[in-house]
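Visitor: I'm new to this one. Could you walk me through how to read it?

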Amino acid sequence: MQVTLDKTYPIAAAPDACWKILSDIPNMASCMPGAEITEKIDGQNYKGTVKVKVGPATAAFGGDIQVLEINPQQRTIKMLGKGADKSGSTASMELTASLVAADDGTTNLVGKSDVIVNGKFAQFGGRMMNSVSDMILAQFASNFAIKAQAIAPADTQVAGSATPSASQSGAPAPVTELNAFKILWMLITNFFKGIFGKQS
Amino acid sequence: MTATVSERKSALMGMGDSRLRKEDTRFIQGKGNYVDDIKLPGMVFMDIVRSPLAHARIKKINKEKALAIPGVLAVLTADDLKPLKLHWMPTLAGDVAAVLADQKVHFQMQEVAVVIATDRYIAADGVEAVEVEYEELTAVVDPFEALKPNAPVLREDLAGKTEGAHGKRHHHNHIFTWDAGDKAATDKAFDSAQVKVKEQIFYPRVHPCPLETCGCVASFDPVRGELTTYITSQAPHIVRTVVSMLSGIPESKVRIVSPDIGGGFGNKVPVYPGYVCAIVASIVLGRPVKWIEDRVENLSSTGFARDYHMTGEIASTQDGKIQALRVNVIADHGAFDACADPTKFPAGMFHICSGSYDIPAAYCNVQGVYTNKAPGGVAYRCSFRVTEAVYIVERMVDILAQKLNMDKAEIRRKNFIRKDQFPYKSAFGFEFDSGDHHTALDKVLNAVDYKGLRAEQAKKRADPNSPTLMGIGLVTFTEVVGAGPTKMCDILGVGMFDSCEIRVHPTGSAIARMGTISQGQGHQTTYAQIIATELGISSEIIQVEEGDTSTAPYGLGTYGSRSTPVAGAAIAMAARKIHAKAKKIAAHLLEVGENDLEWEIDSFKVKGNPSKTKSMTEIAWAAYNKPPAGMEPGLEAVHYYDPPNFTFPFGIYLCVVDIDKGTGETKIRRFYALDDCGTRINPMIIEGQIHGGLTEGYAVAMGQLLSFDKQGNIQGNSLMDYFLPTAVETPKWETDFTVTPSPHHPIGAKGVAESPHVGSIPTFTSAVVDAFAHLGVTHMEMPHTAYKVWKQLKSHGLAK
């Protein structure tokens, strides 16, 4: 099952602050719900885990992350993650993430990733995989924004940016594990937004 | 006292009577006895560790965490089965299949290990705890990719073997090449033909999806050395033979019981790894072991159907007389060749693809190919590969009609085998027993006002504001069922006869034991009706038993519409043996010669002296009480029937669809099904069978699909995605019939349950394509989902 995601998330924080998070692999990885860097082998290679739970399928992926490219000038990072869980499901993700400064001092996080998933998750079929991947990335962006703002919030808040409202009152704990119910709820609300969105 | 002849006849509830199904009383009260209802003392439970990957090497299996769970009794892998030589098993098609993956997995959801535990839930926890390390290999899901020279070797166990069970293998992923017909004559006819049509037609992979999934309870008695297995099998006797061969336990100490079966449709013909593992586990543990698969497992790993990539070609004259047919097929058999066909026919009866037509020259060629998908190729509610055959010929005839701008009814009428040509020898060598297509076609066209429908369609096509497109589908099919003559058909060397044992008790009731096994066909009802008519015993007091190998005579089971053509004939023949003996006893009792007697409904009477009679009840008593001198007492008979030929049911199906231009939704406005299955035993059951078959045909044509992504992940293996129509989606069916008995069958019956599946699928496609025919569309691939049809609408600028 291959899913290609091409997404842009507005982050209400300055590009430099964002780059600090993005280029710090363990810190960046911890924005991914359920993910954690468990071992740093060298500057380019890490070991990590991701716990995912969707409906009847649960998995704890353990694997390797390889940083293929870090470009501070372009504020771009390219990496390859590969993992397997104990029941044998496998996943790989090739991710290119760049930070683009927005006119208002905030940042756009532009991500392009190719995800290949095999095993239980892949049997859900395309529609589920796409939606779940979207949700995961949205949570990632939200956590990312919280961390970046903790360093240096942007001067202005951008409507519709991936800043949780709670972040204004301090530093809330980022979502640390992918929550099946939350994902389900977001899938349902997005579904209805999709139906009624055009009319409103 | 003096009931009239017709009263006596109707009291028998024999052939032709729509008596209610005897089975239903227990089913509607929840009193059926399915495999999962079997509970034995000390029984434990098995669950299966399955591969998440379609193609991978197994590096390591770690059982320790599973074994540490309290209640887990054992974890078995291929290495544990190896000393017993049970890690691989023979398939019905002459290949071998892994029981548990041996070093390599070949398809997603393949069986890798089994966990046996004291509780079903603990077994599932154990499965989660078994750790398997895989090294991923490139998966091949497309048979055309599999045949490329540099394609990965899927079956390393066959490396270097250039000879398969069905001849030469020309590539490492090639299984067999099988052909039929006269290639040279066909090529010649094509070379000189005025008109030729050719089309690529894919029959997608689908699954029979019976409501009851597969499972078994294996119980080995270590003291007696006897193995009893309750199993979801359509062929319990063959299972016993296979189990005995695999285990080394004498066949006399193996008892296989198929209790009530909740639908089979070909899915319950093969022997699955789960059965073998449960039996091994029971032998190892000395306790009964139950294994019942869940829906996802059933859809993902057990016998699929179809997956035929066909190229059809027809050569004809300018005025539409077909001169030759050529079909080439790439058959995707999955990881192991576990196709359930008579052993000598790796593509089953695919060579029925000349259909109902008088075609002088024909040739077909089928190549079996390995891919990283589940093994199978079972006959999903059809005789072996007949659905594919009927689909290709019916599609091609439509396409020819379109090319010649002829009406699809006319072109069929022109090419039908005429009534006076039967018995008709087809270009592929089948001898069609009987048929009358012209009469049947006229009956259908008149019933639906075909001309009126075409006029309505022309009007709709001319109106750009019409919200719908209208399509008319027509199919005129011939099936080949009742496998089969043992000179041609066998399974693992056992001829495909079938059997019946009838015993008439002293008080005149009777029991019949059969080599077949009903999965919903209503055998207990219909078999009794045959005996009732043959012997004059009311079907109400005739018990029918089948499915227990300890009591039933050896038979090849129920699939491929063979129960009525083969076992139904065995019943009639066994009954006739009893009838002959009864006549001797009657002559003795009435003190006349046998030639002085004639049979009437339920009694022998003396010719010219109708007051002197002996009923079958009186004769039965005498058989146990005072048989003629020198005659063996008792009144029973056994018959093993080896059919002289197949039977050839046929039908004419017509379907009218309205396609919504806005949504692409196809509404079945009308479906008219005329079937000719020869002699009709129970019209109500026939009607029910046709409704069921049409509904399954509708499911296949309109929604069912087992698809895979590039990595070999099965997509949509639950009922959330896999289409099983309910009363909500199912269209209304109109049924009709003609009766053209089979001349070689003792009662003239041909078999019916599969015709509606085989015949309806191309009818739906014919109707959907017909809606677009005026735009030059010649074929659309199944399933005809709203989205696919909408895309077709959109490509012609018709989507509203």
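Guide: We'll look at a pair of helices and then at some cavities, bearing in mind that this is a predicted model.

Visitor: How do I read two packed helices?

Guide: Two numbers help: packed helices are described by the angle between their axes and the distance between those axes. Here, take α11 (residues 386–404) and α19 (residues 755–772), both of chain B: their axes cross at roughly 30° and come within 9 Å. Angles under 35 degrees count as roughly parallel, so α11(B) is roughly parallel to α19(B).

Visitor: What is the handedness of the crossing of α11(B) and α19(B)?

Guide: The crossing is right-handed.

Visitor: And which residues of α11(B) and α19(B) meet?

Guide: On the α11(B) side, they include V386(B), V390(B), Y391(B) and R395(B), while α19(B) brings, among others, V758(B), I761(B), P762(B) and V769(B). Sorted by type, the residues of this contact are seven nonpolar, four polar and three charged.

Visitor: Now the cavities. How many of 30 Å³ or more are found in the whole structure?

Guide: Five. The largest has a volume of about 950 Å³. Its lining has 45 residues, and those closest to the centre are M32(A), V50(A), M93(A), V115(A) and I136(A). The lining splits into 30 nonpolar, 10 polar and five charged residues.

Visitor: What about the second largest cavity?

Guide: Its volume is about 260 Å³. Of its 20 lining residues, M89(B), A97(B), V271(B), Y272(B) and A338(B) lie nearest the centre. Strands β4 (88–90) and β5 (96–98) of chain B are the elements that each give two or more residues to this lining. By type, the lining of the second largest cavity holds 15 nonpolar, four polar and one charged.

How values were computed
Residues numbered from 1 in each chain as written. Chains lettered and ligands numbered in written order. Predicted model: local features only at pLDDT ≥ 70, side-chain atom pairs only at ≥ 80, totals over all residues. Heavy atoms only, no water. Axes fitted to C-alpha atoms, helices over the stretch in contact; angles between N-to-C directions. Helix = DSSP H or I, 4+ residues; strand = E, 2+ residues; numbered from the N terminus. Parallel < 35°, antiparallel > 145°, perpendicular 65-115°, else oblique. Left-handed = near helix turned anticlockwise from the far one by under 90°. Contact = heavy atoms within 4.5 Å. Nonpolar A, V, L, I, M, F, W, Y, C, P; charged D, E, K, R; others polar. 1 Å grid on protein atoms, 1.4 Å probe; cavity = no way out; pocket = protein on both sides within 12 Å on 5 of 7 lines; lining within 4 Å. Points joined across faces, edges and corners; volume = space filled by probe spheres on them.
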